[in-house]
Amino acid sequence: MASVTSTTALTYRVGQCWLGSLLVASTDEGIAAILLGNDREALVRSLRSRFPEARLIEGDERFEDLVTEVARFVDAPASRFDRHLDLRGTDFERRVWLALREIPAGSTATYSEIATRIGAPKASYDVGQACASNPLAGVVPCHRVVRKDGTLAGYRWGTRRKRALLAREAAAARVS
């Protein structure tokens, strides 16, 4: 994993999806952030906080196509998302994020199940921390992780969004 330096360009643009505002940011390596929120400025501040050394460049209209593609995926998460990702995190976080991408839309897994899948069965708490630091909303589906009893735990972008995403995916799974 390459680290972000002051020479790393991070192109971003804010658009809309059914969950509110959506910020998509990309490096030359791939999509590095997909953030959800209600306020454009707060999303840009969050991006700056996540990548303090990066040179932020607001994307032009051509970048809007990528934002639209991401918004369509968030709208229909059972579809394939084949864009290259620039997963920047610790080795443990990246292992968790890759395991989360294997949870099918309409399904859930527990923190302890994910910990076991990545070969760290006693690391449920750390899996939760990795979910909380996930920079790729929807594409790395941390919303599909629940407590052992099946109840919802926190979600970086709000429990209301987590509940809505799970309900939408469950409804789509029943139709197909």
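This passage looks at a strand pair, two cysteines and a buried arginine in a predicted model.

A good place to begin is the pairing of strands β2 and β3. Strand β2 spans residues 20-27 and runs antiparallel to β3, with seven bridges joining the two. The connection from β2 to β3 is a hairpin of two residues. Within this pair, Leu-22 lies opposite Leu-36 of β3. Strand β3 itself, covering residues 30-37, is mostly covered, as eight of its eight residues are buried.

Leu-36 also leads to the next site, since it is one of the residues touched by Arg-161. This arginine belongs to helix α6, which comprises residues 159-175. Leaving aside residues up to four places away in sequence, Arg-161 touches Leu-19, Leu-36, Gly-37, Asn-38 and Tyr-155. Arg-161 is buried, yet it forms no salt bridge; the nearest side chain of opposite charge is that of Asp-39, 11 Å away. What the side chain of Arg-161 does reach is the backbone oxygen of Trp-157, at 2.9 Å.

The cysteines complete the picture. The structure contains zero disulfides. Cys-131 takes part in none, and the nearest cysteine sulfur, belonging to Cys-142, is 5.3 Å away. Cys-142 is likewise in no disulfide, with the sulfur of Cys-131 as its nearest cysteine sulfur at 5.3 Å. For a disulfide, the two sulfur atoms would have to be within 2.5 Å. Cys-131 counts as buried because its relative accessibility is 5%, and Cys-142 counts as buried because its relative accessibility is 3%; the cut-off for buried is under 20%.

Technical notes: Residues numbered from 1 in each chain as written. Predicted model: local features only at pLDDT ≥ 70, side-chain atom pairs only at ≥ 80, totals over all residues. Heavy atoms only, no water. Buried < 20%, exposed > 50% of the residue type's maximum accessible area, 1.4 Å probe, protein only. Helix = DSSP H or I, 4+ residues; strand = E, 2+ residues; numbered from the N terminus. Pairing = 2+ DSSP bridges. Lys, Arg positive; Asp, Glu negative; His and termini not counted. Salt bridge = Lys/Arg side-chain N within 4 Å of Asp/Glu carboxyl O. Polar contact = N/O pair within 3.5 Å; in protein donor to acceptor, adjacent residues only side chain to side chain. Contact = heavy atoms within 4.5 Å.
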